[in-house]
Structure formats: C-alpha cells, structure tokens
Amino acid sequence: MAVDLTDETRAVLDALPIAVVAGRAVRDKSAYVVDVETVFVNAAAEEATGVPRERQVGARLGETVQGFRDSELYQVLLGVIQTGEPATYETPWWRGERGTGIFAARGVRFADGYLAIFQDVTESRAAERQLRASELRLAEAQRIAHVGVWDWDIRRDKVFWSDELYRIYGVSQSDYAPSYQGYLERVHPEDREYVADVIERSYRDGKPFSFDERIVRPDGSVRSLHSGGRVTMDAKRRPARMLGVCHDVTDWAQTETALAAARADLERRRFSERQAAQINEGIIDGLVSAMQALDDGNARAVRLAMRRTLEQASRIVTDLQAPARPV
C-alpha cells in the first residue's frame, strides 16, 4: 500500500508540536527496496532541520544525500519497512545553516514506508563530549600534582620550604623568609583559626594531621590547598620537628565545580530526552492508527485513537513528574 496522506491527515500532523516526517519505499521491478523518498515533513520538522519542506518532500535520499545507502540510518529504515518492527535510533542529519546535528528518532512502519518523530539532541551530545574531555583533563591535572614540602625545626624555629611551595604561595626566596607565624598570616582569614587549631592539636598529641585550607597570595589571588603532616618527637616525647606537604588543588576545585555543574546540566538534558522518548514512543502507534482511520474517513475511530493517544501521553507525563518513592 502506497504512503498516501490526505489533506486532512497532513493538516493534523502539521499542527503537532513534535517533528514528524514520512517516507515511502522506492522499489525496483523485483519489488526490492532500493531507496526511500520523503513524502511529508511537518512544520516542526522543517524548523528542526532548517531546510524548507519543498526541498525535502519528493527527495530520494539515496540520490540527494551522499553515502546514504551505506549509512546506518538507511539500514534502520529498511528494517522498519521490511519487518514492521519499530526502531529507536540516533543519526546525524543536516540542520540548514547550523550545519550537521544529531537527532534522536523513533520510526514505525506506515503503509509501504515509515513515519518518524524526532528531536534535536546535538547540544546534549556536545555537552557529553565536553564533560568527558573535562574529566580527562582533571585526571591529567591530578597526575601532574603541584606539591610543596615544608620542614619546621621547632627547637630552633627554622622553617624550610621547597621551591614548589614558594611557587604555590607566590613568593620568592629572596623576598620571603618562611616562618610559622608568617605562614598563618597567609592563610585565608576565614580558615586561619581552624588551621591553627589543627596544627596546635597535632603539636600537643603528636598525631598526624590533614586539612583543606585557602591561602592568599601577595597579589590577592586565592589558592585552595590540601595540606597534611606529622610531628617528630624527641626521646622525652617533646615535639622536635614538624614535616608537611601542601598540595595546590585550586585548578582541581574549580574544575570539579565546573564538572558538577556540567553533570547537573547534562542530567537535566537526559531527563528531558527520556521524557520526550517515552512520550514519543507512547503516542506514535496511536498517531499511526489515527492517520489510518482518518484516511479511511472513519471519524469515530479517529477520535477514539486520538483520545487514547492523548490519555497515554498524559499518563506518561504525570508518571515522569511524580516524585520518586522511597525504597
């Protein structure tokens, strides 16, 4: 049966807020499918692709799209047409002046062709790639650690800093002589009391310590450090030396904050995609039934199919919006 949509069916599809396209199988004399031809593009699909409908309708994709017959999309559409099994898929496709994008689609067989509804997921896929790249950069930054070392001779009140620790604090050896009091003055005012308490407690009980702190460089910039150390006791169990390391995690912290925001944004996008996918899957069968009834002139069947379809879509939306139940 040929894909032949009445004017009324086209009007109904054109009014839908979701992108809808329909195509027919192009067969040779032996009835083998050799191409597919676009027969309908609704307004939402025209907007999504950025290509005028008059340029899409009537186009045989194998002739107008380079490499189409070798593409995964062609195999998906062949499977839908030949087996009648619905398919959910993603495919690259043009978006007019915006260039090629990625579309998530649901296709079903309709007559001797297919009906597909789709949405543009280009930005979501780009966000996924950016997130993966950021995670790789973070892993590399963690591998190349910025760690400074210090050694405080408590009895002589002499403090040694490694070259990297000077770089972390933004000072030079010629301009700054390290000391415990000088260190505390460089700790961020909001962290200073806490840091002093941790170090003094370790001084008293001799136990190792670690903490997160912020320091303020001479230029006013703030760095985030993860610091830790241990106390060495003399024979009389008196503190003799304190050794420690400072790990500059500023870039990590900033990257982690950005990654957290990116993950949250990506999860919102994925949730929206899941919503759309469930709604699309729920309504496309009813939409096909309504179209067939509309073409047959059966107004009662059309109303019944559309009512059931809308009710199902409403149930899906309600379920998706409902708060999760505690396990």
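For the pocket lining described below, Ala, Val, Leu, Ile, Met, Phe, Trp, Tyr, Cys and Pro count as nonpolar, Asp, Glu, Lys and Arg as charged, and the others, Gly among them, as polar. The views that follow are of a predicted model.

**View 1. The largest pocket and its lining.** In this predicted model, the largest pocket holds about 390 Å³ of space. Its lining consists of 20 residues, and those nearest the centre are Val21, Thr38, Gln56, Leu61 and Trp93. By character, the lining of this pocket comprises 14 nonpolar residues, five polar residues and one charged residue. At least two lining residues come from each of helix 3 (53-56), helix 4 (61-64), helix 5 (72-83), strand 3 (87-94), strand 4 (100-109) and strand 5 (113-120). Strand 3 provides the largest share of the lining, namely four residues.

**View 2. The open sheet of five strands.** The strands are arranged in the order 7-6-10-9-8, with antiparallel pairing. Strand 7 (158-161) and strand 8 (209-216) occupy the edges; each has a single partner strand, and therefore one side of each is left without a neighbour in the sheet. From one strand to the next, the twist averages 25 degrees. Strand 6 (residues 147-153) and strand 10 (residues 239-248) run antiparallel and are joined by seven bridges. Within this part of the view, Val147 is found opposite His247 of strand 10. Helix 9 (residues 189-205) packs on the sheet and touches strand 8, strand 9 (222-233) and strand 10. The direction of helix 9 makes about 145 degrees with that of strand 8.

**View 3. The hairpin of strand 8 and strand 9.** These two strands pair in the antiparallel sense, and eight bridges connect them. Glu213 has Leu225 of strand 9 as its bridge partner. Five residues lie between the two strands, and in the turn Gly220 has a positive phi of about 90 degrees.

**View 4. The hairpin of strand 9 and strand 10.** Strand 9 also runs antiparallel to strand 10, to which nine bridges join it. Gly229 faces another glycine across this pairing, as it stands opposite Gly244 in strand 10. Between strand 9 and strand 10 there are five residues, and Arg237 in the turn has a positive phi of about 65 degrees.

**View 5. The largest cavity.** A search of the whole structure returns one cavity of 30 Å³ or more. The volume of the largest cavity is about 160 Å³. Its lining is made up of 16 residues, with Trp150, Trp161, Tyr180, Tyr183 and Ile199 lying nearest the centre. Two or more lining residues are given by each of strand 6, strand 7, helix 7 (163-169), helix 8 (180-186), strand 8 and strand 10. Strand 8 contributes the most, with three residues. The lining of the largest cavity divides into 13 nonpolar residues, two polar residues and one charged residue.

**View 6. The surroundings of Val187, in the loop between helix 8 and helix 9.** The relative accessible area of Val187 is 0%, and the residue is therefore buried. Neighbours within four places in sequence set aside, Val187 is in contact with Arg192, Val195, Glu213, Arg214 and Ile215. Val187 and Val216 are 29 residues apart along the chain, and their C-alpha atoms are separated by 6.2 Å.

Notes: Residues numbered from 1 in each chain as written. Predicted model: local features only at pLDDT ≥ 70, side-chain atom pairs only at ≥ 80, totals over all residues. Heavy atoms only, no water. Pairing = 2+ DSSP bridges. Axes fitted to C-alpha atoms, helices over the stretch in contact; angles between N-to-C directions. Contact = heavy atoms within 4.5 Å. 1 Å grid on protein atoms, 1.4 Å probe; cavity = no way out; pocket = protein on both sides within 12 Å on 5 of 7 lines; lining within 4 Å. Points joined across faces, edges and corners; volume = space filled by probe spheres on them. Buried < 20%, exposed > 50% of the residue type's maximum accessible area, 1.4 Å probe, protein only.
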